[in-house]
Amino acid sequence: MVLWAGRTEEAINTIFDDITSRPLDAEHIALLQNSQVQTTSANTYRGFGMFINDASTGKAVCTQRDIQYFNGTRRPIVFCYSGMDQHGQRWILLQKGIDLKSIITCEDKSIFNNVMHSYVGIVSIEIALTDILKSLGIEPDYIIGHSVGELGCAYADNLFDS
């Protein structure tokens, strides 16, 4: 995926069209992305394009593209924590007979027939994703959760003691 900002919609389309004029090259895409790290307020359009290589032509093909006017208003960041549906600290868990590593890496989907495995797996992944996002400096403006996802909300809201 390529993210791009420009002064006009046509400017962004020019970059995306250029990408499709050649084979995808990771270094070229990285260079494009790195050039966008610092953009100016004059770049009032934002866009993204998703590209794949076409084996028959050897050139990149844009599979999805969207460009929109950006008025400078930051949209709120919302963390959503799901609950369990009918299909969904390690040493403490091991003492209770729950091997978290096994639960989240097991390829046998029947492991989630045990509701406790689903519960622990969902909460663990939600906590891990929260930590990753926060370590990247992404803080939510709002959080919402349902069922077991309410534990993810509580964690994101710093309501758990260490």
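Thr130 is buried, with a relative accessible area of 1%. This residue belongs to helix α5, and the model in which it appears is a predicted one. In space, the C-alpha atoms of Thr130 and Gly152 are 8.0 Å apart, although 22 residues separate the two in sequence. Helix α5, which covers residues 115-135, also gives the most to a nonpolar patch on the surface.

**Overall architecture**

- The protein contains six helices and five strands.
- Read from the N terminus, its elements follow the order β-α-α-β-β-β-α-α-α-β-α.
- The radius of gyration is 21 Å, well over the 15 Å given by the globule rule for 162 residues, so the protein is more spread out than a compact globule.
- The C-alpha trace spans about 60 × 40 × 25 Å along the principal axes of the protein.

**Burial and surface**

- Of the 162 residues, 25% count as buried, and Thr130 is one of these buried residues.
- The protein exposes about 11,300 Å², of which carbon and sulfur atoms supply 55%.

**The nonpolar patch**

- Ile104, Ile125, Leu129, Ile132 and Leu136 form a nonpolar patch on the surface.
- Together these five residues have about 470 Å² of accessible area.
- Helix α5 contributes three residues to the patch.
- Ile125 lies in helix α5 and counts as partly exposed, because its relative accessibility of 39% falls between the 20% limit for buried and the 50% limit for exposed residues.
- Helix α5 therefore holds both the partly exposed Ile125 and the buried Thr130.

**Charges and salt bridges**

- The protein carries 12 positive and 19 negative side chains, and the centres of the two sets lie 3 Å apart.
- Side chains of opposite charge can pair when their charged atoms come close.
- Four salt bridges are counted in the protein.
- One of them joins Arg22 and Asp18, whose closest N and O atoms are 2.6 Å apart.
- Arg22 is partly exposed at a relative accessible area of 33%, and Asp18 is likewise partly exposed at 31%.
- Another salt bridge links the side chains of Asp141 and Arg74, with an N to O distance of 2.9 Å.
- In this pair, Asp141 is partly exposed at 37% relative accessibility, whereas Arg74 counts as exposed at 53%.
- Glu139 and Lys134 also form a salt bridge, their closest N and O atoms being 4.0 Å apart.
- Glu139 is partly exposed, with a relative accessible area of 43%.

Note on methods:
Residues numbered from 1 in each chain as written. Predicted model: local features only at pLDDT ≥ 70, side-chain atom pairs only at ≥ 80, totals over all residues. Heavy atoms only, no water. Helix = DSSP H or I, 4+ residues; strand = E, 2+ residues; numbered from the N terminus. Rg over C-alpha atoms; globule rule 2.2 N^0.38 Å. Buried < 20%, exposed > 50% of the residue type's maximum accessible area, 1.4 Å probe, protein only. Areas by Shrake-Rupley, 256 points an atom, 1.4 Å probe, with all protein chains shown as cover. Lys, Arg positive; Asp, Glu negative; His and termini not counted. Charge placed at Lys NZ, Arg CZ, Asp CG, Glu CD. Patch = residues over 30% accessible without salt bridge, like charges linked within 9 Å, V, L, I, M, F, W, Y side chains within 5 Å.
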